[in-house]
Amino acid sequence: MAATASTEQRSEGRAGSFSSSSSDTATHVGSSTVLARLGDEEKLTPPEDLEIHELEEYGGHSSNSEDDALLMEKDQDEPLKPPQPPPEPKKSSFWSSLIWMTVNTLATIGIVFTNKAIFTDPSLKLAQLSFASFHFLVTYLTLFTISRPRFAFFVPRRAAIKDILPLSIAMSLNVILPNLSLAFSSVTFYQLARILLTPTVALMNYILYRATLPRLAILSLIPACVGVGMVSYYDSLPTSNTNIKTTSSLGVIFAFLGIFASSLYTVWIASYHRKLQMSSMQLLFNQAPLSAFMLLYVIPFVDTFPESWGGVSGSKWVLIGMSGLYASLINISQFFIIAQTGPVSSTVVGHVKTCTIVGLGWVTSGRGAGDKGVGGVVVALGGIIAYSIVMLREKKKGGK
């Protein structure tokens, strides 16, 4: 599973990337995608207030001149009352927020390692479009369920196919290419490479909209990029130790193609929020079924299937089902995180997920603490955390 050149756009673009295996993503499957890169740090308008808020923002009016006149006459007839203090805003439960952030973190970590385990099966490694289509279907069914009146998480709205088609294609690439990267890479490299989403989105925003970043933010992105480069180099070096998991050249290529696709999706989805006047949930509700349907026409020509589906072990089917469950949990928990937490909490959650996935990926890769790639990991994480701190401070200054 949203248009400044800041960390708020990562999302983890993640509005439509919730169903991918990236911890980014709104961004998001999401996704998560994609809400996300969108989802992690930008607080969207609550769904129930969206239409009124957007009508006012785009020049609509909540009353007409006749209504105003009647109100004025009524005010003149009634005695003036002393001004009442504004009602205190409804405070969200700390424990509720903590629970949903925990669910989102565990589901995001779970989907990365579950998908990696699925892709280790050679018979499933190249069935990426089928896997993505399955995730889009799960995402749509999840959104359809939580949009029903009984739950009413958001109000579904329809968009014309011709309007949503480019975004659906971008969302498909935003899921498929990173998953291919995960299939041919170590988990550590896969997750660290996603850090490059932030400088790539910033560059795209500058080229397209001349949007600039604070000087300190730009400087903090330099070590983030250098760190990813160091990990890319050391992680792709051949090794005689068969217990050490490395990244192939294909993994590096798919990673950078995925970063470009995810960045484009992140920038696009911000403009689609304004163009279609929809929330991230509403956009994803339209994108997911269209993306799943489109892929059906391509799957027979691209995917490589197992010689016999009966030959796929029962444990792999369980993992596929768990991957779909994690995608649903990411979508649902992301909704509550956006509604109940601010940018600081979302940023912290995003970094906790990244650091945890990188740490667990390093442990399971068979590499030791003395490996040269450790320096790249530290530099990359330090750079992106410093960037987040700078942007949060700038946002706080702008809010004064």
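These legends go with a set of close-up views of one predicted model.

**View 1. The whole chain is a run of helices.**
Start zoomed out: the predicted protein has 14 helices and 0 strands. Walk along the sequence and you get α-α-α-α-α-α-α-α-α-α-α-α-α-α. Of the 400 residues, 51% come out as buried. The accessible surface totals about 19,100 Å², and carbon and sulfur atoms account for 66% of that area.

**View 2. A nonpolar patch on the surface includes V298.**
Six residues make up this patch: F293, L296, Y297, V298, F301 and V302. Taken together, they offer about 670 Å² of accessible area. V298 belongs to helix α11, which covers residues 280-302. With a relative accessible area of 35%, V298 is partly exposed. F293 is also partly exposed, at 45%, while Y297 reaches 56% relative accessibility and counts as exposed.

**View 3. F293 and Y297 pair up edge-to-face.**
Stay with the patch and look at two of its rings. A pair of aromatic rings is described by the distance of the centres and the angle of the planes. The structure holds 12 aromatic pairs. One of them is edge-to-face and joins F154 to F285, with ring centres 6.0 Å apart and planes at 70°; that one gets its own view below. For F293 and Y297, the numbers are 5.4 Å from centre to centre and 75° between the planes, so this pair is edge-to-face as well, given that planes over 60 degrees apart fall in that class. The two residues sit 4 apart in helix α11, so about one helical turn separates them.

**View 4. F154 and F285 bring together distant stretches of sequence.**
Here is the other edge-to-face pair, with its ring centres at 6.0 Å and its planes at 70°. F154 sits in the loop between α5 (128-146) and α6 (161-183), and F285 sits in helix α11. The pair therefore ties together parts that are 131 residues apart in sequence. Is this pair buried or exposed? Both F154 and F285 are buried.

**View 5. Four rings form one aromatic cluster.**
The members of this cluster are W100, F151, F153 and F336. That makes it a handy place to look at aromatic side chains as a group rather than pair by pair.

**View 6. Two charged ends sit over phenylalanine rings.**
In the first close-up, K125 has its charged end over the ring of F184, 4.4 Å from the ring centre. In the second, the charged end of R148 sits over the ring of F144, with 4.1 Å to the centre.

**View 7. D235, R367 and D371 share a salt-bridge network.**
Side chains of opposite charge can pair when their charged atoms come close. The count for this model is 3 salt bridges. D235 and R367 form one of them, with their closest N and O atoms 3.3 Å apart. This pair links distant parts of the chain: D235 is in helix α9 (residues 215-235), and R367 is in the loop between α13 (343-365) and α14 (373-399), 132 residues away. R367 also meets D371 in a salt bridge, at 3.0 Å from N to O. Put together, D235, R367 and D371 are linked in a network. How buried or exposed are the members? D235 has 4% relative accessibility and counts as buried; R367 is buried too, at 11%. D371, at 22%, is partly exposed.

**View 8. K162 and D163 meet in a salt bridge.**
The side chains of D163 and K162 come together at 3.4 Å, N to O. K162 is exposed, with a relative accessible area of 67%.

**View 9. T364 touches F113 and K245.**
T364 lies in helix α13. At 43% relative accessibility, T364 is partly exposed. Leaving aside residues up to four places away in sequence, T364 touches F113 and K245. Also worth displaying here is S186: its C-alpha atom is 9.3 Å from that of T364, with the two positions 178 residues apart along the chain.

Key: Residues numbered from 1 in each chain as written. Predicted model: local features only at pLDDT ≥ 70, side-chain atom pairs only at ≥ 80, totals over all residues. Heavy atoms only, no water. Buried < 20%, exposed > 50% of the residue type's maximum accessible area, 1.4 Å probe, protein only. Areas by Shrake-Rupley, 256 points an atom, 1.4 Å probe, with all protein chains shown as cover. Patch = residues over 30% accessible without salt bridge, like charges linked within 9 Å, V, L, I, M, F, W, Y side chains within 5 Å. Salt bridge = Lys/Arg side-chain N within 4 Å of Asp/Glu carboxyl O. Phe/Tyr/Trp six-rings, centres within 6.5 Å; stacked < 30°, edge-to-face > 60°. Lys NZ or Arg CZ within 6 Å of the ring centre and 35° of its normal. Contact = heavy atoms within 4.5 Å.
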